[in-house]
Amino acid sequence: MSSDQTFVDYGEDEPRARRTTHIRLHRATPIVPQNSVAGRTLMLLIAIMTFLSCITLGGVILVQKSAIAWSSDVGREVTIQIRPIDGQDMDSNLRASKSIAEAIPGVGNVRVLSAEESGKLLEPWLGAGLDLTVLDIPRMIAVELSDPREFDADQLAENLSTIKGASLDTHSAWRQQLNAMSGTMVLTGVLVLLLIIVATILAVVFATRGTMASNRTIVDVLHFIGASNAFIAGEFQDRFLNLGLRGGAAGGLGAIVFFIIVGTVSTNYLPSEAGSQLSAFFGRFSLGWDGLLLLILVVPIIAGLTALTSRMTVRRFLTQIS
Amino acid sequence: MIEFDDVALRYGDGPEILRNLTFKIAPGSFHFLTGPSGAGKTSLLKLLLLSLKPTRGHINMFGRNTGRLSQDQLLDMRRHIGIVFQEFRLLDHLTTFENVALPLRVQGQKESDYSENVAELLTWVGLGDRMHAHPPLLSGGEKQRAAIARAVIAKPDILLADEPTGNVDPDLSTRLLHLFAQLNRMGTTVIIATHERSLLEDFPTPRMILHEGELTIE
């Protein structure tokens, strides 16, 4: 039969048939029903999983950014410590050390900390209000680096060896600990992200199986009218992609709002000590545009993962029942 | 077009409910499939629809041994077969129009290309004013007519119908049979399973009679 011929010869029914053939075209209803209790539950689950993924990723970004900032700050300064030694003139040693430091390439400003300033550094351990003049406190020289790449720490340490009681602290131990801590936190965050993704995949697999079972009639009818497994899988994939996008968008938006609120509260409402401790760990709770972009990227990734997982589950299900 | 060679069918470890089926159905022929309840009419229709595989024997359709076809090839062949189920099997969340258009949608056709044909067919089967209604709101007869429209909309080469006039009045029953006859004149091979003696008397065509799992053609 040619496809362009009129479907039936209406005979005497022709006028009545033709009268009613004007129909309004509309958006086709999805073959797999979009709204169901299972669908809404899965959407909520995906929203929660996306929220947790974004929070974890945001935490990792904040820690990573803070660690890089710390490392950069600490790396731009070294400290010379002059211990008091009997028979040595502290002021003379301070001046000599300052001169030695200033002569090293890559060194910028060199500042001798006063006895008061050196004493204040001990306050966190000894408390405030103590008379430290009775103690022989080491004196400190803060050496800021104008060009850390040009600076030769070994050369400075060697030159300082001529001064008794002088030692150089490049803060390398701090930086190593910092890198180790931030690395551990990033690794932990990545592992948590992986676990969330695995849990999301498992939830989608179970939800897809449940949806397939409850829509078995649809699958059978589609098979009977010649729909390929790829077509059926595509219909289910569309449904789950839709759920994934809606759930993911809700979760992602929730996470962004969360970071905005926490950032505002930590900056404006927390007591200064608590705020400064938080900012020491997480900077200013500012993800930046790149961090925000990564968070937004989580949404299509979760939605795509949901659609792909459902498609694979449906294909396996269809192969089993064929 | 259809050739059964010593075909038998059993469900699980049960007895053979169809056996020794050897027959040929020529392209463009019109057959009634009849027999008492439980004789295996629906099972034979399922074999013809390729939704069941015979436990013995060979089925050739469109010149190919169906036992050697892949799943995708079977599904592709099924697009040339229209089926009217006894229990309708309409999708409740789709409108009558969308149910009838489903085979065309599955074939990848655009709604703008098929909407007029679907509307004409629905009007002709008396569902012109019900095309935007959902199946739960249709009567048994309306569901039957929608199921028939869905089976024939893609102009299949073979049309199978399981008691297609069981829920409609005699007038519409005759009109539907005329639709089947018209499709048959246009080249479609039609096989209708029915109990109704009146249909068998009104349409003097070859009869496939199933009795205790065996088939005779008169």
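These are my notebook entries on chain B of a predicted model, covering its strands, a helix pair and its contact with chain A.

**Entry 1: the N-terminal hairpin**

I began with strands β1 (residues 2-10) and β2 (residues 16-25) of chain B, which pair in the antiparallel sense over six bridges. To fix the register I looked up Glu3(B), and found that Lys24(B) in β2(B) stands opposite this residue. I then checked the connection: β1(B) and β2(B) form a hairpin, with five residues between them. In the turn, Gly12(B) has a positive phi of about 60 degrees.

**Entry 2: the six-stranded sheet**

I next traced the open sheet of chain B, whose six strands follow the order β6-β7-β8-β3-β9-β10 with mixed pairing. Which strands lie at the edges? I noted β6 (81-84) and β10 (214-217) of chain B, each of which pairs on one side only. From one strand to the next, the twist averages 15 degrees.

I looked more closely at the β6 edge. β6(B) and strand β7 (residues 158-162) of chain B run parallel and are joined by four bridges. Here Leu159(B) in β7(B) has Gly82(B) opposite. I also recorded that α5(B) lies across β6 and β7 of chain B, and that α5(B) runs at about 175 degrees to β6(B).

**Entry 3: α3 against α5**

From α5(B) I moved to its packing with α3(B). How far apart are the axes of helix α3 (residues 96-106) and helix α5 (residues 140-152) of chain B? I recorded 7 Å, with a packing angle of about 30 degrees. I therefore entered α3(B) as roughly parallel to α5(B), the cut-off for that term being under 35 degrees. The crossing of α3(B) past α5(B) is right-handed.

I listed the residues that meet. From α3(B) they are Thr96(B), Asn99(B), Val100(B), Leu102(B) and Pro103(B); from α5(B) they are Ala146(B), Ala149(B) and Arg150(B). Sorted by class, this contact of α3(B) with α5(B) has five nonpolar, two polar and one charged residues.

**Entry 4: the side facing chain A**

Finally I examined the contact between the chains, where 35 residues of chain B are in contact with 27 residues of chain A. On the chain B side, α2 (71-78), α3, α4 (111-124) and α6 (170-185) each supply at least two residues. Which element gives the largest share of the side of chain B that touches chain A? I found that α4(B) does, with 10 residues. By class, I entered 14 nonpolar, 10 polar and 11 charged residues for the side of chain B that touches chain A. I noted that α3(B) thus appears twice in these entries, once in its contact with α5(B) and once on the side that touches chain A.

How values were computed. Residues numbered from 1 in each chain as written. Chains lettered and ligands numbered in written order. Predicted model: local features only at pLDDT ≥ 70, side-chain atom pairs only at ≥ 80, totals over all residues. Axes fitted to C-alpha atoms, helices over the stretch in contact; angles between N-to-C directions. Parallel < 35°, antiparallel > 145°, perpendicular 65-115°, else oblique. Left-handed = near helix turned anticlockwise from the far one by under 90°. Contact = placed C-beta atoms within 7 Å. Nonpolar A, V, L, I, M, F, W, Y, C, P; charged D, E, K, R; others polar. Pairing = 2+ DSSP bridges.
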